[in-house]
Amino acid sequence: METSRPQPEGCPADRRNAFDKEVGLFIQTEQTPNPSTLKFLPGRVVMEKGTMDFATADTAAPSPLAKRLFAVEGVERVFFGSDFVTVTKAADRDWQVLKPSILGGIMEHYTSGDPVVADAAEAGAAAADDDEVVAQIKELLDTRVRPAVAQDGGDIVFQDFRDGVVYLHMQGSCSGCPSSTATLKMGIENLLKHYVPEVLEVQAAQ
């Protein structure tokens, strides 16, 4: 079920919450910069380390939680962060219709005892053979960029560095977000160019 509670000062006016008394699960819902994406905070650890991005229902096989969410008609993408789940809907769907089913799916998962990801092999570990420039780029992303992006329900993951160009993969609310290109060019590119002279440009990986 979904209930409204008094909103703490500074919270978005449209934040909605759901509470399940049986399992003591309190799920907060927040808007993101991407109108097609909502961020759900179950108050539990979602990913012990790293993040996972499920771009289609076909990729959700390793995750019981992702499969439950893709079972909701209109869900197009699911992303897991450390303590949140980001869900992207189809453009022609209404959040007022989808949200109760998504909240129900998250509650059902946490009452089932199923793992978030069945395979313990999770993403996010840095390669041991990174050269010095790549290691510096990744460190800046991990310490200066990703924590801020996670607040908006997304993630930005290093994919490649070649010929002075850093290629980043946009996940969660960042994927398809109207402001993501500006974030890349104005924010991340300027940051990386300032600290890593070898970086000439930042692009979203295709």
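A salt bridge is counted here when a side-chain nitrogen of Lys or Arg lies within 4 Å of a carboxyl oxygen of Asp or Glu, and by this rule the count comes to 8 salt bridges. Residues are numbered from 1 along each chain as its sequence is written. This is a predicted model, in which local features need pLDDT of at least 70 and side-chain atom pairs count only at pLDDT 80 or more, while totals for chains, interfaces and linings use all residues; side-chain values use heavy atoms, with hydrogens and water left out.

**The whole protein**

Begin with the whole protein in a cartoon view, where you can follow 4 helices and 10 strands; helices (H or I, at least four residues) and strands (E, at least two) are DSSP runs, numbered from the N terminus. Tracing the chain from its start, you should meet these elements in the pattern β-β-β-β-β-α-β-β-α-α-β-β-α-β. If you then switch to a surface view, the accessible surface comes to about 10800 Å², of which 50% belongs to carbon and sulfur atoms, with areas taken from the Shrake-Rupley method using a 1.4 Å probe. Of the 206 residues, 44% count as buried, where buried means under 20% relative accessible area, exposed means over 50%, and partly exposed lies in between (1.4 Å probe, protein chains only).

**Strand S4 and its neighbours**

Next, select residues 37–41, which make up strand S4, and notice that 5 of its 5 residues are buried. Show the side chains too: Thr37, Lys39 and Leu41 point one way from the strand, whereas Leu38 and Phe40 point the other way.

Which strands pair with S4? Add residues 25–31, strand S3, which pairs with S4 in the antiparallel sense over 4 bridges; two strands pair if DSSP finds at least two bridges between them. S3 and S4 form a hairpin, with 5 residues between them. Within this pairing, Thr29 has Phe40 as its bridge partner, and Glu30 stands opposite Lys39. Now add residues 85–89, strand S7, which also pairs with S4 in the antiparallel sense over 4 bridges, and look for Val87, the bridge partner of Leu38.

**Salt bridges to select**

Side chains of opposite charge can pair when their charged atoms come close. Select Arg68 and Asp114, whose side chains meet in a salt bridge (3.4 Å, N to O). This pair links distant parts of the chain, since Arg68 is in helix H1 (residues 64–70) and Asp114 is in the loop between helix H2 (95–112) and helix H3 (132–151), 46 residues apart. Asp114 counts as partly exposed because its relative accessibility is 34%. If you add Glu108 to the selection, you have a network in which Arg68, Glu108 and Asp114 are linked by salt bridges.

Move on to Arg93 and Glu73, whose side chains meet in a salt bridge (3.1 Å, N to O). Arg93 lies in the loop between S7 and H2 and Glu73 in the loop between H1 and strand S6 (75–80), so the pair ties together parts that are 20 residues apart in sequence. Arg93, at 32% relative accessibility, counts as partly exposed, whereas Glu73, at 59%, counts as exposed.

Finish with Asp142 and Arg146, whose side chains meet in a salt bridge (2.9 Å, N to O). How many residues apart are Asp142 and Arg146 in helix H3? They are 4 residues apart, which means that about one helical turn separates them. Asp142 is partly exposed, with a relative accessible area of 41%.
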